[in-house]
Amino acid sequence: MNAAEHMSRDPGCAVFPTVDALQAELQELAAARPDQVRLCRIGDSRLGEPLHAVTVGDGPADAVVIAGPHPNEPVGALTALTLIKLLCEDSKLQAELGLRWHVVACADPDGARLNEGWYARPGDRRAYAEHFYRPDLADQVEWTFPLTTDAYRFDQPLPETQALMRLMDGVRPSLVCSLHNGEYQGAFFYLNRHDATLARRLAALPGLEGLPLHHGEPELPGAEPIVPAVYLTPPGAQVGKAFGSGGSSADYSAAFGALHLVTEVPTWADERVADQSPTGRTYGQVLAEGAARRDLIDTILAGMRAVAGDLSVRSPFRRSTENTLETFRKLGELEETMPDLARPATVAEEFGNRQMLHLMRLRPLGTFLRMLDAEIAAGNLTSAVREQRRLLAEQFETWYGQAEADPPGLPIELRKLVAVQLGAALAAAFHLAEGAA
């Protein structure tokens, strides 16, 4: 069994589907193949959007695939559609895998709708920043599963998270795949088992599509690598307590003894993300440059103070902006505790740190401007709102110009991103099937 032989499938789409287009395609698939595709409503979003799981296959074990757990990460929707079609068309593959697949193609439709302004322009960094939305960890589907430890408790799962919990409770999966995508970094993965064989197979997949592996700083400081670019999933207790969130889908799936896989693929590709040669600078010096994110925090805090008394619109953009700043502050504190700051820094670490700074500036500032635009659209044209809209738009242009002068690489063809996510899910399923054989 070889996952790579199935990675060449073309998703047939050069842009990301809107929520309505995605739901319509799922309905069409179910109507066209009623003997193969079963569409089940598993719950509703916070704003009343129906959440569906598509079931394909009839194996003795179950797999759950979660796409779009973060609304600014829509690659998984295309991967979900591609996987469903592949399973329908290849009965031999279905039999080899021995799984019933339950695919949630959009886990956060409310948040996805707030990102649709850039879905038709993947790889356009200005469009991405100007139409960006991402909730803070405590408002994310992926990070609000129940969590109880001796020192911390979280029991406020979102309606979308509860829907995923009901799905997993009902099928007791052997495999759970959470499909993510990022921005500038290379491809990387998380596994909830220290399985070197599967880790090596996963690490080999991005190169088949010409994507670099991520060899810079791990997404979460201190994440333990199994092999380069494949990390052991950090426990929810570590993340939740630090950021006031819950556990992840990996924590919840542990109750079923499931293998849990997170795939992370980039939007832009640059060979520097995999360059492990030394820069001639220390790791501490590289991290110190990222402290310039303090400029962002100060800029947005000043802007928020200036308009706080004038805000009248109940906006998800305001909550996202305020809470994301706190998350950035905590990440900075974690970085300051990293060991061995005197060691030589690699090109990958230097490049990743610099691109993270651009990202941290443009994403929340773009969201803040959307908050002010909502006020203006509602007719709230106070002098403070108008003045901050002007000042922050100027700051956005300054930071955007600096980011454009230091690009993260060329945009990656969506087919390649889908191929890596699809290959990773199949590789994990093949790995389980081998163990059962």
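A polar contact is a pair of N or O atoms within 3.5 Å; within protein, one atom must be able to donate a hydrogen and the other to accept it, and residues adjacent in sequence count only if both atoms are side-chain atoms. The exercises below start from that idea.

This is a predicted model, in which local features need pLDDT of at least 70 and side-chain atom pairs count only at pLDDT 80 or more, while totals for chains, interfaces and linings use all residues. Residues are numbered from 1 along each chain as its sequence is written, and side-chain values use heavy atoms, with hydrogens and water left out.

**Exercise 1. Describe the surroundings of D62, starting from its polar contacts.**

Step 1: find the partners. The side chain of D62 makes a polar contact of 2.6 Å with the side chain of H102. A polar contact of 2.9 Å also joins the side chains of D62 and R100.

Step 2: place the residue. D62 belongs to strand β3, residues 61-67. Helices (H or I, at least four residues) and strands (E, at least two) are DSSP runs, numbered from the N terminus.

Step 3: check the exposure. Buried means under 20% relative accessible area, exposed over 50%, and partly exposed in between (1.4 Å probe, protein chains only). D62 has a relative accessible area of 6%, so the residue is buried.

Step 4: list the neighbours. A contact means heavy atoms within 4.5 Å. Leaving out residues up to four places away in sequence, D62 touches L99, R100, H102, V171, P173, S174 and L175.

**Exercise 2. Compare the span of helix α14 with its expected span.**

Step 1: get the expectation. The expected span of a helix is 1.5 Å times one less than its number of residues. For the 31 residues of α14 (347-377), the expected value is 45 Å.

Step 2: compare. From its first C-alpha to its last, α14 reaches 45 Å, close to that expectation.

Step 3: look at the cover and the end. Of the 31 residues of α14, 25 are buried, so the helix is mostly covered by the definition above. After α14 comes G379, with a positive phi near 90°.

**Exercise 3. Classify the aromatic pairs F16–Y119 and Y133–F317.**

Step 1: set the rule. Rings of Phe, Tyr and Trp (its six-membered ring) pair if their centres lie within 6.5 Å; planes under 30 degrees apart count as stacked, over 60 as edge-to-face and the rest as tilted.

Step 2: apply the rule. The structure holds 13 aromatic pairs. One of them is F16 with Y119, edge-to-face at 5.9 Å centre to centre and 70° between the planes. This pair links distant parts of the chain, 103 residues apart: F16 in the segment before α1 (19-32) and Y119 in helix α5 (residues 116-119). Both F16 and Y119 are buried.

Step 3: take the other pair. The ring centres of Y133 and F317 are 5.9 Å apart with planes at 80°, so this pair is edge-to-face. Here 184 residues separate Y133, in the loop between α6 (125-130) and β5 (147-148), from F317 in helix α13 (residues 316-336). Y133 is buried at 10% relative accessible area, and F317 is buried at 9%.

Step 4: widen the view. F16, W118, Y119, Y128, F132 and W268 form one aromatic cluster.

**Exercise 4. Which residues other than glycine, R172 and A229, have positive phi, and is each buried or exposed?**

Step 1: read the angles. Phi is near 45° for R172 and near 75° for A229.

Step 2: place them. R172 lies in the loop between α7 (159-171) and β7 (175-181). A229 sits in the loop between β9 (225-227) and β10 (230-232).

Step 3: judge exposure. R172 counts as exposed because its relative accessibility is 52%. A229 is buried, with a relative accessible area of 2%.

**Exercise 5. Does the radius of gyration agree or disagree with a compact globule?**

Step 1: state the rule. The radius of gyration is taken over C-alpha atoms, and the globule rule is 2.2 Å times the number of residues to the power 0.38.

Step 2: compare. With 437 residues, a compact globule would have a value near 22 Å; the protein chain has 21 Å, which agrees.

Step 3: add context. The protein chain has 16 helices and 15 strands, and 58% of its 437 residues count as buried.
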